[in-house]
Amino acid sequence: MEAFGLLIYGFSVLLTWKTLALMMVGLVLGIFVGVLPGLGGPNGVAILLPLTFTMDPTSAIVMLSCIYWGALFGGAITSILFNIPGEAWSVATTFDGYPMAQQGKAAEALTAAFTSSFIGSLVAVLLITFLAPGIASFALRFGPPEFFAVYLLTFCSFVGLGREEKHKTIISMTLGLLLAGVGMDTVSGQLRMTFGSNELLRGINFLVAVIGLFGISEILLTMEERLALRGHAASISLRVVLKVWKELPRYWATLLRSSAIGCWLGITPGGAIAASFMSYNLAKRFSKDKDSFGKGRIEGVFAPETAAHASGTSALLPMLALGIPGSGTAAILLGGLMVWGLNPGPLLFVEHKGFVWGLIASMYLGNVVGLILVLTTVPIFAAVLRVPFSAIAPMIVVSCAIGAYAIQNAMFDIWLMLVFGVVGYAFKKIGIPLAPFTLALVLGNRAEDAFRLSMIGAGGDLRVFWSNGLVGSITTLALVLLFWPLISGAMARMRSAIRRDAKPGIK
Amino acid sequence: MSKPEVEIVVEDPDPPASDSPAVTSTRTVDVVASLLLLALAMLLGFDNWRTGMSWDSTGPQAGYFPFYLSVVLAAACFFGIGKEFLARKQASETFVTRAQLRRVTQVFVPTLLFCVVTQWLGLYVASFLLVAGFMAFIGRIAAWKSVLTAFVFSLVMFVTFEIAFDVIMPKGPLEALLGH
C-alpha cells in the first residue's frame, strides 16, 4: 500500500507542537465561525486567510482546513439548540434536531450530529487518501487541451445541473470570468479592461471579492432579520455519548447511504447543501416509520450531518488532484495555495509531498480532535450566542477589512470589498447564485491560459479538443451537461409522445 | 432524562417591524441589476473589441474571450429583462421593507464611514470607533462596555496582526505617535 506509507509520512510532517497548536487554534476559530450568525465556512476561511500569509504552506493549510472542519461542526450547534442553522447545509439538521432539544434530548442530538459528521468526513478522507493520488498521477499526463476540457466540464455542469434559473447562473459565471480577465493578459502581456487605472492593473483579487461577497453581504442580510433568539443550553455527559454510540450500528444503512451521497455531491459541484437535504429525504423515504421524521428522530440528525460533512470534505479531492475546487470553501483554499506560492494541480503530489500528505493526515487528526473538542465544549460555544449581534457585526466588518487589505496591501481592495458586499447582498436577494461567480473568478485565468496554450500548440485548430479519446469524451460530456436541461426535456417529451401513441384517446 | 435547565435568551433591542411597507419589489431590483450588468457588458465588450478580439494564426487575441463573454453576459441580461417584462402582470415579492432598509443602512453607513476613516486615521483607530459607536448607538449597549470592548478588540487585533503575524495594516497619526 503506497498510500498508507505516504500517510504515515504525512503524520510525521504533522506531529510537531507548532502544527498541532495551529490545528487547535484553527478548530476553535472554526467552531466560533460556524456558531456565529453572519459568518460561515467560506467567509470564515477567507477572513482568516491573512493570518497564514507568513506561515509555511503546510502549517497554513492545516490551520485553514481545521477552520473549515470547525465551521462544519459548529453549524450543528445552533441548528439543534436554537433552531437557527448557522450554515445553509445545517438547515436539514434543524428538522429533527430542534424537536429533540425541545424534548430535553439536546445532548443526544448534539452527540448524534457530531458523531455522524465525524463518520461522514472519515469516509470522505478515506476516499481522498486512496483515490486522489491515482487521479493525480493520471492527470499528470494531461496537456493544456485536457485541462481546458476539465475546466469546461466544471463550468458546464454548473449551468446544466444547477437548480437556479439558467440565465442567472450564466450571468454569475460570465461576470466572474470577465472580472478574472481584468489586468494583464498572461499570454500576450497586453492590458485588458483596466481603463487606464493603476489599481485595476493588478486585476481583481479573488479573495477580496469573496470577503465582500460572503462576509460583508452576510452582515447586511443578517441585520435585516429580527435578531432575537431563544434556545436551550446543553452539556454532554459521557453517559449520553456512550448511549448514542451504542445505537450507531443500528443506523449503518443511513450512515453509509448519506456518506455516499455526500461524497458524490462533494466531488461534483452539487455541494453540501444539496447533499444534506437529499440524504434527509432519502432517509425518510427508506424508513419504516416515516411520520416520526420531523418530530425528533435521531436518524433525521444522522442523515443530513453525515452527508454535509462527507460532501464538505470530499470537495477537497478535485482541488488537490486536479486543481479544481468542488465547493466555495475549496475555491478559497485554492486561492490560498496560490498566495503561498504553490501551483495547484496534479504536480502537487509530486513536488510537494509533505504539503499534500500533511494536509490529508490533518484531515484525520483534525476530525478526531474536533469531535472530542465539540463534545466537551458545547456549553461554552452555545454561550457565544449571548454576545449581542451589535458587538459582533462591527468586529466582523473590521476582520473583513483586515483580510481584504492584507492580501495586496492596497486600500483600493477595502473599497472593492465594500462594492462586492453590496453586489453580493443584491445578488442573493434577486436569486443570482454566487458559487459560479466564485468558481469562475478563481479558475478563469487558468481556463483561458489552457485554452490559448492548446491553440498555440495546435496552430489554432479547434479540433484539438477532440484529438484523442480522453479529451474528446470530456469535451463532449461537458457539452452534454451544458445542454442537459434541453436534452432531458426533449427525452421526456419523446417518452410522453410514445406513451400517447400507446394509449390513444388520452391526452 | 435531563431537562433543559438553562435557557439562553437574547433579545433584539430594535427589531424591524413586520408590517412595514415595501420599498421596492424584487422584480424592479432584478431589472435594474440586469440593466446595470448590461451596461457593464457593453463597456467591457467595447474595451475588448479595442484590445483585439479576432483570431490570429496562434489562436485568439487578448480580447477574444472577454469580448464573447461580454456578449453572453449581455444576452443573459436581455433574457432576464424580457422574462421579467412578460411576467409583469404577476405580483412580485418584496425586495426590502422600509424597516429592513433602515436596518441595512444602519450597518452599511457605519461600514462606509469606517473605510473612509481607515484611509485617514489608520485601521486600528477606525476599528475602535466603529465597534464602540456601533455597540453604543445601534446596539444600545452601555457606553463603558462599548468603549472597553472596542479598545480590547482593537488592541487584540493590533497585537495579533501587527506584532505576532507581521501583517501590515494602514496606520495613521496615532500609531506614528506611539512609534509604530
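## Where the chains meet

In this predicted model, 66 residues of chain A are in contact with 71 residues of chain B. On the chain A side, the elements that each supply at least two residues are helices H6 (106-139), H8 (166-180), H10 (206-224), H18 (353-384), H19 (389-408), H20 (411-430) and H21 (435-458), along with strand E3 (229-232). H19(A) gives the most, with eleven residues. Sorted by character, the residues on this side of chain A come out as 44 nonpolar, twelve polar and ten charged.

## A closer look at H19(A)

Since H19(A) gives the most to the side of chain A that touches chain B, let's look at the helix itself. Its 20 residues should span 28 Å at 1.5 Å a residue, and the end C-alpha atoms sit 30 Å apart, which agrees. Of those 20 residues, 18 are buried, so H19(A) is largely enclosed by the rest of the structure. Right after the helix comes A:Asn409, with a positive phi near 50 degrees.

## Chain A overall

Chain A has 23 helices and three strands. For 507 residues, a compact globule would have a radius of gyration near 23 Å, and chain A has 23 Å, which agrees. Along the principal axes, its C-alpha atoms fill a box of roughly 70 × 70 × 55 Å.

As for burial, 62% of the 507 residues of chain A count as buried. Take the contacts in chain A with a separation of 6 or more: 79% of them are between residues 24 or more positions apart.

## Chain B overall

Chain B has six helices and five strands, and from the N terminus on its elements run β-β-α-β-β-α-β-α-α-α-α. The radius of gyration of chain B is 25 Å, well over the 16 Å that the globule rule gives for 180 residues, so chain B is more spread out than a compact globule. Its C-alpha trace spans about 65 × 50 × 45 Å along the principal axes.

Of the 180 residues of chain B, 32% count as buried. Among contacts in chain B with a separation of 6 or more, residues 24 or more positions apart account for 63%. The chain is divided into domain 1 (23-96) and domain 2 (97-177), and the centres of these two domains of chain B, taken over C-alpha atoms, are 37 Å apart.

## The largest nonpolar core

The largest nonpolar core holds 221 residues, and A:Leu110 and A:Met417 are the ones that touch the most other members. H4(A) provides the largest share of this core, 17 residues. Chain B takes part too: at least three residues come from each of its domain 1 (23-96) and domain 2 (97-177).

What does A:Leu110 touch, not counting residues up to four places away in sequence? The list is A:Ala76, A:Ile77, A:Ile80, A:Ala234, A:Ile236 and A:Val378.

## A serine in H4(A)

A:Ser59 is found in helix H4 of chain A, which covers residues 57-82. Is A:Ser59 buried or exposed? This serine has 22 other C-beta atoms within 10 Å, so it counts as buried, the cut-off being 20 or more.

Leaving aside neighbours within four places in sequence, A:Ser59 is in contact with A:Lys18, A:Thr19 and A:Leu22. A:Met23 is 36 residues away from A:Ser59 along the chain, and the C-alpha atoms of this pair are separated by 8.4 Å.

How values were computed. Residues are numbered from 1 along each chain as its sequence is written. Chains are lettered from A and ligands numbered from 1 in the order in which they are written. This is a predicted model: local features need pLDDT of at least 70, side-chain atom pairs count only at pLDDT 80 or more; totals for chains, interfaces and linings use all residues. Two residues are in contact if their C-beta atoms, placed from the backbone, lie within 7 Å. Helices (H or I, at least four residues) and strands (E, at least two) are DSSP runs, numbered from the N terminus. Ala, Val, Leu, Ile, Met, Phe, Trp, Tyr, Cys and Pro count as nonpolar, Asp, Glu, Lys and Arg as charged, and the others, Gly among them, as polar. A residue is buried if 20 or more other C-beta atoms lie within 10 Å of its own, exposed if 12 or fewer, and partly exposed in between; C-beta atoms are placed from the backbone. A nonpolar core is a set of buried Ala, Val, Leu, Ile, Met, Phe, Trp, Tyr and Cys residues joined through C-beta atoms within 7 Å. Domain bounds come from an automatic or database domain assignment. The expected span of a helix is 1.5 Å times one less than its number of residues. The radius of gyration is taken over C-alpha atoms; the globule rule is 2.2 Å times the number of residues to the power 0.38.
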